There are 2 protein chains.
Amino acid sequence: MTTNDVEAVEAANAALYSALEAGDYDAMSALWVDGPLAESAQCVHPGWMRVAGRGAILRSWALIIANTSYIQFFLTDVSVTVSGDVGVVTCAENVLTGLGRDAAGAAALGGGRIETTNLFCRTQSGWQIWHHHASPVLAPDDRDNDEGVSVDDEELG
Amino acid sequence: MTTNDVEAVEAANAALYSALEAGDYDAMSALWVDGPLAESAQCVHPGWMRVAGRGAILRSWALIIANTSYIQFFLTDVSVTVSGDVGVVTCAENVLTGLGRDAAGAAALGGGRIETTNLFCRTQSGWQIWHHHASPVLAPDDRDNDEGVSVDDEELG
């Protein structure tokens with residue numbers, strides 16, 4: 001894998017979140033694979049069943065964009081691997097989103113951590129997103145170091 | 001992609017679930033990438049934070065195996081794509097698992113649907129699992145057709 005490929009895939013990944021933050025459906029549409037791979041595209045939104053095929057996926061994003069007043073992503077733990085024509089990005093989406101207004105009229109914000117796997121494919125239009133899998137973190141974060149999840153060996157006994 | 005590759009990746013995917021059903025840690029260990037790719041292996045269990053690296057991943061599976069008295073997988077919506085040295089499998093894990101015994105001493109079962117993305121890589125040991133991402137379906141299944149399996153918690157409880 002070349003540095004250029006890795007940078008291009010990372011840029012495509014960043015563009016995905018920029019499109020969503022901007023609520024820009026057209027940008028989102030341009031980022032998803034079209035052509036021969038369009039029907040094999042897949043998307044799992046956090047807690048959802050899988051959505052398959054470009055048409056259904058774009059409708060799901062339109063629904064999300066229409067129902068999101070504010071959303072911001074802080075990506076952490078970003079890892080990019082390119083193998084041939086497939087780019088694999090894993091990252092944590094640390095999300096801050098608007099929840100409307102509370103009883104006193106103040107803007108309410110919600111947040112959470114989402115673990116994500118994004119697969120990109122090399123097409124004539126550049127690197128396009130082919131597979132998005134995002135899942136909510138429900139378990140408490142019991143990390144006692146910064147090298148990922150620590151499994152307590154004592155619990156194994 | 002050749003038919004042989006697709007069949008080999010599908011077999012590796014099936015072996016992963018067989019190992020877990022059998023509670024066979026050694027089989028699980030043999031299925032996960034070792035060698036140069038071992039440190040880049042990743043695993044997201046349903047609702048968990050990402051676990052990274054072969055060692056931590058195998059400890060997490062040991063923990064799951066140690067705490068699982070019974071588990072059975074019915075895979076549906078299985079899709080296999082091979083691009084170069086990467087095999088992408090998406091499927092729904094329809095899970096039936098033991099929850100111990102209820103107050104009357106009867107065995108209790110739980111179930112649910114998990115959306116999964118499994119990435120395999122071609123190695124000298126054959127196709128090995130390199131990335132496992134499983135996420136719980138929390139949203140109600142509002143599909144009005146019979147494509148796929150709907151698991152009703154009440155029926156399983």
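## A friendly note on a predicted two-chain model

1. Let us open with one residue that is easy to find. B:Asp77 has a relative accessible area of 37%, so it counts as partly exposed. This residue belongs to strand β3 of chain B. Its phi is near 55°, a positive value in a residue that is not glycine. That is worth a second look, because most residues other than glycine have a negative phi. Please keep in mind as you read that this is a predicted model.

2. Now turn to the other chain. A:Asp77 also shows a positive phi, about 55°, without being a glycine. Its place is in strand β3 of chain A, which covers residues 71-83. Is A:Asp77 buried, partly exposed or exposed? With a relative accessibility of 45%, A:Asp77 is partly exposed, because that class lies between the 20% and 50% limits.

3. How are the two chains related? Chain B falls on chain A after a rotation of 180° with 0.0 Å of shift along the axis, and the RMSD is 0.0 Å. The two copies are therefore related as by a two-fold rotation axis. In chain B, B:Ser135 has the C-alpha nearest that axis, at 2.7 Å. As for the interface, 83% of the interface residues of chain B are interface residues in chain A too, so the copies meet through the same surface.

4. Here is the plan of chain A. It holds three helices and six strands, and from the N terminus the order is α-α-β-β-α-β-β-β-β. Of its 157 residues, 45% are buried. The chain exposes about 7,800 Å², with carbon and sulfur atoms supplying 52% of that area. Among contacts in chain A with a separation of 6 or more, 49% come from residues 24 or more positions apart.

5. To picture the sheet, look at chain B. Which order do the strands take? The six strands form an open sheet, β2-β1-β6-β5-β4-β3, with mixed pairing. At the edges are β2 (51-52) and β3 (71-83) of chain B, each pairing on one side only. Within this sheet, β5 (residues 107-123) and β6 (residues 126-136) of chain B run antiparallel and are joined by ten bridges. One pair to find is B:Phe120 with its bridge partner in β6(B), B:Ile129. Helix α1 of chain B, residues 3-21, lies across β3, β4, β5 and β6 of that chain, at about 155° to β3(B).

6. The hairpins are easy to trace in chain A. Strands β4 (residues 86-101) and β5 (residues 107-123) of chain A pair in the antiparallel sense over 14 bridges, and A:Ala92 stands opposite A:Glu115 in β5(A). Five residues lie between these two strands of the hairpin, and A:Gly105 in the turn has a positive phi of about 90°. Next, β5(A) and β6(A) are antiparallel, with ten bridges, and A:Leu119 faces A:His131 in β6(A) as its opposite residue. Two residues link β5(A) to β6(A) in a hairpin.

7. Finally, look inside. The largest nonpolar core has 72 residues, and those touching the most other members are A:Met28, A:Trp32, A:Trp61, B:Met28 and B:Trp32. Which residues does A:Met28 contact, leaving aside its neighbours within four places in sequence? They are A:Leu16, A:Ala19, A:Leu20, A:Leu58 and A:Trp61.

Notes:
Residues numbered from 1 in each chain as written. Chains lettered and ligands numbered in written order. Predicted model: local features only at pLDDT ≥ 70, side-chain atom pairs only at ≥ 80, totals over all residues. Heavy atoms only, no water. Helix = DSSP H or I, 4+ residues; strand = E, 2+ residues; numbered from the N terminus. Buried < 20%, exposed > 50% of the residue type's maximum accessible area, 1.4 Å probe, protein only. Contact = heavy atoms within 4.5 Å. Areas by Shrake-Rupley, 256 points an atom, 1.4 Å probe, with all protein chains shown as cover. Least-squares fit on C-alpha atoms with pLDDT ≥ 70 in both. Pairing = 2+ DSSP bridges. Axes fitted to C-alpha atoms, helices over the stretch in contact; angles between N-to-C directions. Core = buried A, V, L, I, M, F, W, Y, C linked by side-chain atoms within 4.5 Å.
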